[in-house]
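Me: I should like to learn how a sheet and a pocket are read from a set of coordinates. Could we take one structure and work through it together?

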Amino acid sequence: MKRVLWSVGAFLAFAFLVAAPPLAGQGVTTAAVTGRLTDETGAAVALAELTLVSGSTGERHAVRARQDGVYNFENVSVGGPYTIAVRAMGFEPMTSATFYLSLGQRLVVDLSLKRAAVEVAGVNVSAESDQLRSTARTGAQTFLSDSTVHRLPTLNRSFTDFVSTAPQVARTGGGGNSVAGQNDRYNNVQVDGGSNNDLFNLGSTNGLPGGSVNARPLSLESVREFQILIAPFDVRQGGFTGGLINAVTKSGTNEFHGSAFYSMQGDALVGKDSAGTKANDFSLGYYGFSVGGPIVRDRLHFF
C-alpha cells in the first residue's frame, strides 16, 4: 500500500512541474541618473556632493563625484519631478532643472559649475594630554638632552654623573648609584644599544669598565642624549633589576660642527675643612675637542 502511495505522489509532483508556467527572473523596477561635473573650462570637478530629490515623494539620494567628475545615482524610483543639488568647495552651489525618469531609463545629466571665492570659517581644535593615561608612557624615566648635559656642572666629566638628576637615584657610600633602592651592581649601562658594564666586577664605583681607576670609556662631547629608566614596560629593555642608563652618541651631519673644552681643578679653588685645614697642593685639568661633518652629503658622515 505504501509503495502505491509513493508512486501516486511522485506522479502528481511531476505533473505539477510540467503544467506550471516558467518562473520569471527579477524585473527592472527603477531608473538611474548619471553624468559628469565640469567647470567653465571643461575641467572635471572632483569630489563634489550631489543630492537627488524627488519633488513628489521627498525621496533623497546623496553621492559624491569621483576624481574624474563622474557621478551615478542607482536604483532611483521612476517618476518625478527630480532635481539635483550640487555643492563643491570653490564653486557656487547650483540646482539642476527638473526632470522625470521612466522605468529602466538611465538619464544622463551633465552639469557645469561656476567658480567662486569662498571664505571658510576658522576651526579651533583643542587637545589635552593626560600623562597618566598616555600610551607613550613606558614607565618612570628621566630624559637628558645633549644641551642639558653640557649645561649641568660635573666634576669628573663622566656621563654617569648626571644619573643623580633622576629623583629615584641616590649615591651610595662607595660612590655608586642606587636606583629605586637597589644595589648599584644591579644597574645596566648601555651605549648605542651595547652593554657597557663592569662585567667582571673589578671594584668599579660607577659600574663602567675601568671605573676603579677613574677611566672614562665615553666622553661627554660624544653624548647626544641619554635616559635613566627605572621600570620600563618595553620588553626590549631588560637585564637589570636596578635601573637602565641608556645613552646614544653623536654622529656627523651635513654641516661641519665641533666643540672644544677645558676645565681645571686646583687647591686654590678648595676652601678649608671644618678644622681649618687647607687642602694639599694639587692641580688637575681636562681638555678635549670634537669635530663632525659630511664626507658624502646625505650619505656618509664622520664624527
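**Reading a pocket and a sheet**

Reply: Let us begin with the second largest pocket of this predicted model. Both α2 (146-151) and β17 contribute at least two residues to its lining.

Me: Which element supplies the largest share of the lining of the second largest pocket?

Reply: That element is β17, with four residues. In total, 14 residues line the second largest pocket. L152, T154, R157, L220 and S263 are the ones that lie nearest its centre.

Me: How much space lies in the second largest pocket, and how is its lining divided by class?

Reply: The space amounts to about 160 Å³. The lining comprises eight nonpolar, four polar and two charged residues.

Me: Let us turn to the sheet. What is the order of its three strands?

Reply: One reads a sheet by following which strand pairs with which. Here the order is β17-β18-β19, the pairing is antiparallel, and the sheet is open.

Me: Why is one side of β17 and of β19 left without a neighbour in the sheet?

Reply: β17 (257-266) and β19 (300-302) stand at the edges and each has a single partner strand, so one side of each lacks a neighbour in the sheet. From one strand to the next, the twist averages 10 degrees.

Me: How many bridges join β17 to β18, and which residue of β18 does G266 stand opposite?

Reply: β17 and β18 (residues 283-296) run antiparallel and are joined by 10 bridges. G266 stands opposite S283 in β18. Thus β17 takes part in both features: it is an edge strand of the sheet and supplies four residues of the pocket lining.

Technical notes
Residues are numbered from 1 along each chain as its sequence is written. This is a predicted model: local features need pLDDT of at least 70, side-chain atom pairs count only at pLDDT 80 or more; totals for chains, interfaces and linings use all residues. Side-chain values use heavy atoms; hydrogens and water are left out. Two strands pair if DSSP finds at least two bridges between them. Axes are lines fitted to C-alpha atoms, for helices over the stretch in contact, and angles run from 0 to 180 degrees between N-to-C directions. On a 1 Å grid over the protein atoms alone, a cavity is a set of points where a 1.4 Å probe fits but cannot get out, and a pocket is an open set with protein on both sides within 12 Å along at least five of seven lines; lining residues have an atom within 4 Å of a point. Grid points are joined across faces, edges and corners, and a volume is the space filled by probe spheres set on the points. Ala, Val, Leu, Ile, Met, Phe, Trp, Tyr, Cys and Pro count as nonpolar, Asp, Glu, Lys and Arg as charged, and the others, Gly among them, as polar.
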